[in-house]
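Please examine the model shown below. The discussion that follows is set out as questions and answers.

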Amino acid sequence: MGKTLHLDILSIAAHRDDSELTCGGTLIKMAKAGYKVGVLDLTAGESGTRGNAFLREKEATRAARVMNLAHRENLHLPDAAIENLREYKLKIAEAIRRLCPKTVILPYWEGRHPDHYTTSQIGYEACFLAGLRKLSLPGKAYRPHKIIYATLYVPLVRPTFVVDITQQFKEKRKALLCYRSQFS
């Protein structure tokens, strides 16, 4: 099962590089402020047009160092095939119980890529399931205190708050450029 980590912030994203794109600056800012920050990638990127799963793993490891993440892991759900399945929700819920994040950042619930909006839905439901004491999952029941949403891919979404990442922008760009297979 692994050791309980008690993260302050956990970004749950469909693909390696999604957290960097949507909320990477915020993650960097919070890590620099001393918070324990983590990323949970759901897929390995095996179906992507550019790169491959092995290369994307190396890129994600480099980006995690740039962002000073306390934790990064991949659940290896099928890329381009994330579905609203109980099995996937329970896998995420188990990670939530182990990581104990105070705040979870999910992708916005609308978008062009089915993996992104499905991750939003199953991530939200997994946060709830993780807190059910009688649910047969490893670890102690735990539910995050707050869930927020990050968007990059959806036009005309009016945010309820914006995080100023002016001071972190260069590092966010550096983290993105770790994904050489994705950005030329």
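The following turns treat the whole chain, then its helix 1, its strands and selected residues.

This is a predicted model, in which local features need pLDDT of at least 70, side-chain atom pairs count only at pLDDT 80 or more, and totals for chains, interfaces and linings use all residues. Residues are numbered from 1 along each chain as its sequence is written, and side-chain values use heavy atoms, with hydrogens and water left out.

Q: In what order do the elements of the protein chain run from the N terminus on?
A: Helices (H or I, at least four residues) and strands (E, at least two) are DSSP runs, numbered from the N terminus. The protein chain has five helices and five strands. Their order is β-α-β-α-β-α-β-α-β-α.

Q: What radius of gyration does the protein chain have, set against that of a compact globule?
A: The radius is taken over C-alpha atoms, and the globule rule is 2.2 Å times the number of residues to the power 0.38. For 184 residues the rule gives a value near 16 Å, with which the chain agrees. The C-alpha atoms fill a box of roughly 50 × 35 × 35 Å along the principal axes. The radius of gyration of the chain is 15 Å.

Q: What percentage of the contacts with a separation of 6 or more joins residues 24 or more positions apart?
A: Contact means heavy atoms within 4.5 Å. Among contacts in the protein chain with a separation of 6 or more, the share from residues 24 or more positions apart is 81%.

Q: How far apart are the end C-alpha atoms of helix 1?
A: The expected span of a helix is 1.5 Å times one less than its number of residues. Helix 1 (residues 18–32) has 15 residues, so a span of 21 Å is expected. The distance between its end C-alpha atoms agrees with this, at 20 Å.

Q: On which residue is the kink in helix 1 centred?
A: The bend at a residue is the angle between axes fitted to the seven residues ending there and the seven starting there. In helix 1 the kink is about 80°. Its centre is Gly24.

Q: How many residues of helix 1 are buried?
A: Buried means under 20% relative accessible area, exposed over 50%, and partly exposed in between (1.4 Å probe, protein chains only). The buried residues include Leu21, Cys23, Gly24 and Ile28. Helix 1 is largely enclosed by the rest of the structure because its buried residues number 11 of the 15.

Q: Which residue of strand 3 stands opposite Gly38?
A: Two strands pair if DSSP finds at least two bridges between them. Strand 2 (residues 37–43) and strand 3 pair in the parallel sense over five bridges. The residue opposite Gly38 is His71.

Q: Is His76 buried or exposed?
A: His76 lies in strand 3, where six of the seven residues are buried. Its phi is positive, near 55°. Most residues other than glycine have a negative phi. At 53% relative accessibility, His76 counts as exposed.

Q: What relative accessible area does Cys100 have?
A: Cys100 lies in the loop between helix 3 (86–99) and strand 4. Although not a glycine, Cys100 has a positive phi of about 45°. Cys100 is buried, with a relative accessible area of 7%.

Q: With which residues is Thr103 in contact, leaving aside its neighbours within four places in sequence?
A: Thr103 belongs to strand 4 (residues 103–107). Thr103 counts as buried, at 17% relative accessibility. Beyond its neighbours within four places, its contacts are Asp8, Ile9, Leu10, Lys146 and Ile148.
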